[in-house]
Amino acid sequence: MVSEIQTFIESQLSSGSFSVYSIFFLALGGLLAGLLPCVYPLYPITAGILKSRVTNHKWSHPFVYYLGLASMYAVFGLVAGLSGGAFNSFLRYPETQVILAILLFVLGLSVAEFLYFPFFVGDLRNSANVSYANTFFLGVGAGLLSSPCVGPVVVSILVQLIAYQTEGIHLFPILFTSIKMFVFGLGLGIPFLLIGVFGFALPKSGKWMKAVQWILALMIFYFAFTYLEKAFVLWGFDSALSLKVFFIWILALVFLYLQKKEGLSHEKMKLALLQMGAFTSLIVLVLLLQSALWKLEPGSSHSKINSAPTEIHGNLEWYRSEADVYRIAKETGKPIFIDFYADWCTNCKEFQKLTLSKKEWNETFKNRAILWKVYDTDPIFEEFANNPNYPELKIGLPFFLILDADGKMIYKSNDYLDTKGMINAILKF
């Protein structure tokens with residue numbers, strides 16, 4: 001029953017029609033995506049932005065902010081169609097993760113009232129004259145910041161669009177999918193709208209409010225760190241190093257802030273941030289130059305590619321060589337199960353855990369399939385991504401594929417929880 005319901009919902013999300021059902025499930029999917037933990041830091045930011053924008057019409061600024069957020073998702077549909085999914089690949093770059101980490105960190109300082117941005121709060125002396133255009137573009141920014149969190153549902157919508165792009169750009173499916181993305185954004189923005197409208201009824205004074213601000217700021221700092229951690233992993237560093245760097249960066253920032261004895265707190269913090277930015281940029285430049293020199297050295301370990309034939313995870317052996325996989329598949333008559341994996345992909349890691357903890361899954365993979373793990377940094381990854389049969393890889397990960405020994409597709413899915421589908425596909429082979 002659950003599987004049938006799930007199939008029905010996915011068909012409504014990715015179908016070529018636009019019915020009342022698809023509108024409902026698109027909006028519902030957006031609403032549920034808005035309740036993901038990684039979206040939480042944006043809620044206090046939204047409250048902080050809108051609290052000074054109360055006019056005679058209580059709904060006006062929150063509604064404009066809401067439309068701005070939803071419009072960002074319509075733009076995602078347009079850009080994804082025009083670029084063939086390249087924009088979604090851009091969101092996976094480590095540099096993008098660093099930018100998001102810095103932006104969230106700065107917003108956390110703002111929530112803790114260590115920074116003051118007129119762009120966010122407007123003119124406190126005359127809040128009724130705050131520009132609606134300003135509020136709209138702040139909503140667009142909220143949509144952009146929330147985008148890395150809501151990938152699984154967005155994939156179901158965009159896959160259909162990318163499939164249309166295999167033989168050039170088609171205007172109608174691009175606009176059609178953009179509208180579907182806008183409806184999804186409307187669902188996602190509902191909590192933001194409600195916070196903007198009803199959040200003003202909360203008490204605005206007292207020591208408890210200061211404590212709440214700090215708790216929310218710490219929450220935002222944590223999510224800033226998670227983006228930094230993803231960047232370090234993508235660069236090939238130990239994830240533990242990101243924690244050390246983040247901690248040292250905060251200590252240095254506190255030291256620079258305390259060195260300034262005069263001035264308002266937000267002025268001192270702004271100067272401290274500028275100094276930290278200059279120091280950090282200089283250090284990064286030196287490291288990049290040093291890394292480039294290492295790669296040029298003969299026999300340097302940085303220039304070598306990891307050529308290990310297999311990876312062992314628990315009792316499962318995952319092959320890393322395309323030639324070995326197809327050779328063994330032909331010898332044994334077993335299907336090939338491909339796990340497209342990336343260190344930044346949370347659900348990829350969760351799937352890896354499930355293959356060991358779920359007995360039925362584990363036994364099927366161990367005894368009935370040839371396992372092949374393909375990283376997003378492997379050259380073969382791009383070959384699969386450019387194959388028109390697998391538009392899902394243009395959108396993001398996780399992605400799973402089952403092939404026969406001749407490379408013919410038996411099964412594909414983005415759903416890392418589709419135990420039934422994966423097992424049935426392997427057993428039927």
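A residue is counted as buried when its relative accessible area is under 20%. By this criterion helix H6, which spans residues 94-111, is mostly covered in the predicted model described here, with 13 of its 18 residues buried. From its first C-alpha to its last, H6 reaches 26 Å, which is close to the 26 Å expected for its 18 residues at 1.5 Å a residue. The helix is followed by glutamate 113, a residue whose phi is positive, near 65°.

The protein in which H6 lies has 429 residues, of which 45% count as buried, and its secondary structure comprises 20 helices and six strands. Among the contacts between residues at least 6 apart in sequence, 70% join residues that are at least 24 apart. The accessible surface of the protein comes to about 22,500 Å², and 66% of this area belongs to carbon and sulfur atoms.

Among the strands, E3, formed by residues 336-341, is mostly covered, since six of its six residues are buried. The cover extends to both faces of E3: on one side Ile336, Ile338 and Phe340 are buried, and on the other side Phe337, Asp339 and Tyr341 are buried as well. Strand E3 is paired with two further strands, E4 and E5. With E4, which consists of residues 370-375, E3 runs parallel, and the two strands are joined by six bridges; within this pairing, the bridge partner of phenylalanine 340 is valine 374 of E4. With E5, made up of residues 399-403, the pairing of E3 is instead antiparallel and involves five bridges, and here phenylalanine 337 has isoleucine 402 of E5 as its bridge partner. Phenylalanine 340 and phenylalanine 337, which take part in these pairings with E4 and E5 respectively, lie on opposite faces of E3, and both are buried.

A further buried position is found in helix H13, residues 239-259, which contains leucine 256. Leucine 256 counts as buried because its relative accessibility is 12%, whereas the cut-off for a buried residue is under 20%. When its neighbours within four places in sequence are left aside, leucine 256 is in contact with Ala272, Gln275, Met276 and Phe279. The C-alpha atom of leucine 256 is also separated by 8.3 Å from that of methionine 269, a residue 13 positions away along the chain.

Notes:
Residues numbered from 1 in each chain as written. Predicted model: local features only at pLDDT ≥ 70, side-chain atom pairs only at ≥ 80, totals over all residues. Heavy atoms only, no water. Buried < 20%, exposed > 50% of the residue type's maximum accessible area, 1.4 Å probe, protein only. Helix = DSSP H or I, 4+ residues; strand = E, 2+ residues; numbered from the N terminus. Pairing = 2+ DSSP bridges. Contact = heavy atoms within 4.5 Å. Areas by Shrake-Rupley, 256 points an atom, 1.4 Å probe, with all protein chains shown as cover. Expected span 1.5 Å × (residues − 1).
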